[in-house]
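Notebook open, coffee poured. Today I wanted to look up two spots in this structure: one strand and its neighbours, then the surroundings of the ligand.

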Amino acid sequence: MSNSKNIKRFLKVVFEKNKVIASIAFIIMLITSVLDLFIPQITRLILDDAINNSKTNLLIKLVLLYTAIRISSSLLSVILEYIYSKMKKRVYIKLKIKLLKHLSKLSGDYYTNIKTGNILSIIENDMFIVENFGAEILFSLIINAITAFIALFFLLKMEFDLLLIVIILQLLITLSQSKFTKIISSKTEEIRKSDGNLSNIIQEFVSNIMNIVISKSSFNFFKRYIKQEKSLVSKCIKLDMIISSNISIARILNSLITICIYGYGGLKIIKGKMSIGELIAFQQYTEMLIGPCISIIRSNTRIQQSLVSINRIFSVLDEPIIINQNNKGHRLSDTFNGDIVFDKVAFSYDKDKTLDNINMIFEKGKMTALVGTSGCGKSTIVNLLFRLWDINKGKIMIDNIDIKDYNLKSLRKNISIVTQDLLLFDDSILNNLTLGNKNIRKQYVENICNRVEIYKFISELPNGFDTIIGEKGVKLSGGQKQRVAIARALISNSSIIIFDEATSALDNISQKRILENINDLLKNKTIIVIAHRLSTIKNADKIYVIDKEK
Ligand SMILES: Nc1ncnc2c1ncn2[C@@H]1O[C@H](COP(=O)(O)OP(=O)(O)OP(=O)(O)O)[C@@H](O)[C@H]1O
């Protein structure tokens with residue numbers, strides 16, 4: 001996708017639902033700039049008319065006018081800042097939610113290959129950079145261009161030879177700045193990439209810190225981290241040097257302009273070809289020409305830097321949604337009545353076939369077990385039913401309707417998967433059990449916790465169900481986590497429940513008791529059990545043995 005297309009898409013996000021306040025901001029900016037354009041004229045009148053001709057009344061009026069203009073434009077600037085700040089935050093939140101929503105719609109393939117650090121760096125760093133890009137830059141570009149144009153108009157009417165010198169120096173500034181802009185944008189891109197790699201390493205470390213300490217791999221981690229950090233630091237220093245050289249060169253050329261105005265203009269005053277008021281007004285208009293020009297060039301640098309981030313954000317948003325969400329598709333009603341059928345299903349993650357010619361029926365009200373050697377594709381079958389991946393051949397049907405024809409949200413809402421590595425949030429046990437659904441009665445939750453034999457443990461905690469269980473549930477044992485997982489699936493009351501090695505951390509006796517306790521809750525549901533232990537599946541109504549083809 002080209003840069004200009006991404007900028008257009010970004011600006012669409014900026015102005016959507018912000019049109020009114022954006023227009024107000026533009027008008028305020030315009031008024032401030034017009035007011036400022038009167039300042040040189042007032043200065044000239046103060047010096048040449050009021051002071052030179054000793055007109056006290058005129059002097060007072062002009063000074064008051066000068067003050068009024070300065071105060072009004074300062075007050076308007078505060079209002080402007082408020083509007084921009086509001087707009088920026090709105091865009092920031094909107095884009096962030098858009099990103100997260102899009103991520104949640106991607107396929108298992110994307111999730112498998114995802115580099116968490118890179119995504120985090122986009123969500124945090126790039127979003128932060130683009131936050132400052134938007135209406136403010138765009139409007140200031142327009143206003144600066146208008147101001148520069150009007151200033152040029154006044155300058156042309158004043159001293160043409162002096163203006164010629166100013167323009168030549170200004171061209172030099174423009175040339176050097178545009179060269180720097182290109183270098184800065186390519187260096188920024190390099191830095192953003194390195195930053196993403198660094199985030200990957202840190203994310204890997206922080207999220208696995210306990211295992212890293214246990215496996216004594218901290219040293220190896222620090223070596224990788226320091227190498228990456230050193231390379232990033234040297235890139236950042238280089239960029240800072242380039243930016244500061246750029247500013248210094250612009251400053252030198254700028255002072256040359258001032259020197260020329262006072263030197264050459266001074267000569268003209270001595271020769272009687274110019275008044276002091278005209279010289280000061282000329283100098284002020286020159287500032288109004290150069291200031292906006294430099295601002296435009298600087299905005300360009302900021303645009304280039306933001307563009308790198310905008311492109312990175314849209315690279316995620318452009319990630320194709322391979323799994324069709326089928327929002328208008330059939331809705332799977334809560335009381336669906338029927339079987340799940342796998343009809344001649346074939347699937348491969350990459351080149352090698354993982355599953356071929358799979359024919360299976362999972363009936364409502366029955367427990368069906370899947371067994372087979374490790375890696376034969378049992379969990380893959382679950383992934384396909386949940387549509388994390390779509391199959392290559394054959395059909396998967398629920399109630400005789402292809403699962404691809406169902407609304408994806410409704411399909412997934414009706415399937416609960418209880419896996420070995422349950423996702424627990426750093427939140428209260430209650431919220432972990434109900435996934436924040438406030439409509440679920442506490443009594444119902446307690447009843448289910450009782451059945452999976454975790455109620456006693458929870459009620460003895462200092463804050464009971466409100467106890468925070470730590471990141472990834474670190475404050476729970478493996479068995480307790482699995483009980484929470486089973487309870488969560490039962491509380492959600494999905495029609496299809498899949499237990500994928502869901503009781504592996506429980507001893508045989510606890511497992512037997514829990515399965516007996518929840519048996520009546522599973523009666524009208526379609527239950528799929530994947531397990532290596534015979535004791536887990538011995539009550540199944542049907543057992544499929546998956547054979548791994550060589
Ligand atoms: N996301 C993935 N990308 C590529 N290949 C994968 C992916 N997930 C699983 N596989 C491969 O697919 C095959 C089947 O994996 P699957 O997890 O379905 O096996 P399983 O029968 O559930 O194994 P286990 O009993 O050990 O849990 C394996 O060879 C595995 O390496």
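Started in the middle: I498 stands opposite I528 in β8. Noted for myself that this is a predicted model, where local features need pLDDT of at least 70, side-chain atom pairs count only at pLDDT 80 or more, and totals for chains, interfaces and linings use all residues. Residues are numbered from 1 along each chain as its sequence is written.

Next, the strand pairing. I took helices (H or I, at least four residues) and strands (E, at least two) as DSSP runs, numbered from the N terminus, and called two strands paired if DSSP finds at least two bridges between them. β7 and β8 (526-530) run parallel, joined by five bridges. β6 (415-418) also pairs with β7 in the parallel sense, over four bridges. There I417 has I498 as its bridge partner.

How many residues of β7 are buried (20 or more other C-beta atoms within 10 Å of a residue's own, all placed from the backbone)? Five of the five in 496-500. I checked both faces: I496, I498 and D500 on one, I497 and F499 on the other, all buried. Reminder to self: side chains in a regular strand alternate between the two faces of the sheet.

Then the ligand. Its surroundings include G108, T112, Y349, T354 and K378. α4 (108-113) and α11 (378-385) are the elements giving two or more residues to this shell, and α11 has the largest share, three residues.

Technical notes
A residue is near a molecule or strand if its C-beta atom, placed from the backbone, lies within 6 Å of it. A residue is buried if 20 or more other C-beta atoms lie within 10 Å of its own, exposed if 12 or fewer, and partly exposed in between; C-beta atoms are placed from the backbone.
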